[in-house]
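Biologist: Please take a close look at the cysteines of this model and explain how they are paired or left unpaired. A connected account, suitable for a first-year student, would be welcome.

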Amino acid sequence: MVLSDDSTMLVSDATDYKGAPADKSTTGGWLSAASILSVELCERLSTMAIAVNLVTYLQGTLHLPSAESSAVVSNWGGISFLLSLFGGILADSFLGRYWTIAIFSTVHFLGSCLLALSTVFPKLRPPPCNPSLSNNCIQANSLQMAVFYISIYTVALGLGGIKCSVSGFGTDQFDQKDDKEKAQMASFFNKFYFFISIGTLIAVTVFIYIQDKVSRVWGYGSCSVIMLLALVLFLSGTKKYRYKACLGSPIVQIFQVLVVAVKKRNLSSTSNVEQLYETHPQESRIPRTCQFRSLDKAAIIDDGDKETMIESGTPNPWRLCSVTKVEEVKMMARLIPIWATTIMFYVIHAQMITYAVLQASTMKRSIGTFNIPAGSFNVFFIGSILLALGIHDRLIVPLLKKKKGTLGLTKFQKIGVGLFISILSMVFAAIIETKRLKVAKSTSRAVSILPISAFWLVPQFVLAGAAEGFVYTGQIDFFLTESPKGMKAMSTSLFLTTISFGFFVSSALIAIIRKATQRGGHNWLPANLNNADGKLNYFYALVALLSAINLGFYLYCAKSFLRKKRQIDLAANAAAITL
């Protein structure tokens with residue numbers, strides 16, 4: 001990094017907005033990071049203000065049945081996080097992080113604007129329910145639903161582009177070769193999660209109150225204003241940011257290894273190092289491992305590769321891959337079992353912003369004369385996340401450090417504890433729903449708000465939040481530390497897809513349960529949750545059972561991962577001693 005006396009303040013791997021080497025005194029650091037954090041704060045605030053209360057908008061304004069409303073929200077949440085993978089490819093290969101954030105923040109703003117406008121014009125929403133009619137609620141027509149879907153999926157597209165780039169662009173503002181800035185970057189991650197939590201807390205309290213007690217127009221309009229503010233703050237820092245070149249997407253590398261391995265599947269495996277291609281310097285090489293041996297064939301040099309290298313000097317990456325590239329793909333493949341067994345947690349997470357909110361909407365939510373919005377009960381979920389993190393850092397870490405000399409729970413222990421607590425959350429949810437249904441059976445169907453306090457729902461929100469505090473931080477640690485250095489962004493996107501698939505599985509479960517139970521004439525998930533024939537408690541119990549089975553699979557996969565990792569580490573140490 002230090003080239004001469006005049007270049008001590010230059011960052012070797014970053015440029016300024018003009019393309020010149022970045023000067024530490026005028027670019028990067030906390031001032032630039034603050035502008036980027038403002039985007040994350042505003043995005044969380046805007047997105048969560050829409051997401052947490054969306055199910056009540058679908059049922060209360062667009063008049064969709066409860067199960068369909070829940071499925072719409074689950075699918076939307078799943079696609080939103082899945083789009084982060086698409087955004088990551090664009091950022092890594094074509095646009096760069098700055099332009100990805102700028103473009104997709106604008107997309108997010110336009111989507112929230114359209115959603116706000118759809119609540120202004122009467123033709124874009126059905127009329128309010130008329131109690132004097134037998135069929136007193138008219139469901140939204142195709143045009144109204146089309147406008148709604150366009151608006152929320154435009155928001156989802158914006159979310160996907162922002163989510164994959166904000167944390168990476170924030171860390172770009174700190175020079176990892178500078179000890180002072182490296183320490184600041186570690187602090188950036190803490191503040192990043194803090195901003196996410198603060199944005200979510202404001203969303204589930206202030207903004208949801210505006211939606212329910214003032215109007216949806218003002219509520220969604222405020223989300224648009226917040227995203228416009230985020231865009232302005234972000235663009236205002238353009239001249240102060242540090243920029244890094246696009247290095248290409250790791251997905252291309254993964255496909256290259258897979259394609260070449262398939263092409264060379266008929267070749268015989270070899271242990272002869274001279275027959276294997278390697279270009280990485282010794283210090284950055286990853287030793288060859290025995291797992292997924294079929295992929296090793298992608299690094300075998302055949303006659304065609306030799307001719308290509310003689311003619312062009314370099315091999316065709318779609319014909320030959322280095323051993324290190326193959327091993328990097330193997331490292332990503334080893335993450336899949338843990339990835340798969342954490343998806344079930346986000347099925348439970350999906351219930352907290354769908355059915356749990358719908359439950360709250362049917363129960364007494366008042367404190368004195370103040371009536372709490374149903375969506376605001378997620379404040380217990382968010383508060384519990386922060387409480388769980390505080391308990392781990394302030395109590396568990398010092399205790400384990402004193403007794404065992406370890407720095408708190410390991411990443412695998414955190415995930416395991418979180419998965420177990422999430423099962424308890426669904427057990428409590430099933431018990432409380434059974435109690436709520438008993439009250440519904442003894443109450444007239446004309447009564448929409450049952451004489452039972454919504455605060456009975458607090459335990460399931462608190463337990464689910466505590467579970468997320470452990471699972472989320474354990475996942476981040478796992479996916480970042482167990483992935484190759486050049487695939488950290490890819491592993492982050494892989495982590496986000498667990499949230500995405502959790503929402504999809506939730507939606508699929510709802511569809512399967514509705515179809516299966518409707519045939520028997522006892523729909524577990526009726527349009528009206530106060531229907532005495534409903535069995536939402538059975539649905540919660542089923543999710544708890546599936547989660548318990550999933551926990552067993554997770555424990556097996558975690559134990560297997562650790563065993564294989566020890567074998568790989570021993571082999572690597574033996575290879576290093578041999579060299």
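Modeller: In this predicted model, the sulfur of Cys223 has its closest cysteine sulfur in Cys113, at 10 Å; a disulfide requires sulfur atoms within 2.5 Å, so this separation is too far for a bond. Cys223 is also buried, because its relative accessible area is 0%, and buried means under 20%. Cys321 likewise takes part in no disulfide, for the nearest cysteine sulfur, which belongs to Cys290, lies 19 Å away. With a relative accessibility of 2%, Cys321 counts as buried.

Where, then, is a bond found? Cys129 and Cys137 are joined by a disulfide, with a distance of 1.9 Å from sulfur to sulfur. The count by this rule is one disulfide. The link between Cys129 and Cys137 is right-handed, with an angle of 110° about the S-S bond. As to accessibility, Cys129 is partly exposed at 34%, and Cys137 is also partly exposed, at 28%.

A further cysteine, Cys557, appears in the surroundings of Ile338. That isoleucine belongs to helix α11, which covers residues 336-341. Although 219 residues separate Ile338 from Cys557 in sequence, their C-alpha atoms are 6.4 Å apart in space. Leaving aside residues up to four places away in sequence, Ile338 touches Cys557 together with Phe412, Ile415, Phe478, Tyr554 and Ala558. Ile338 is buried, its relative accessible area being 1%.

Conventions: Residues numbered from 1 in each chain as written. Predicted model: local features only at pLDDT ≥ 70, side-chain atom pairs only at ≥ 80, totals over all residues. Heavy atoms only, no water. Helix = DSSP H or I, 4+ residues; strand = E, 2+ residues; numbered from the N terminus. Buried < 20%, exposed > 50% of the residue type's maximum accessible area, 1.4 Å probe, protein only. Contact = heavy atoms within 4.5 Å.
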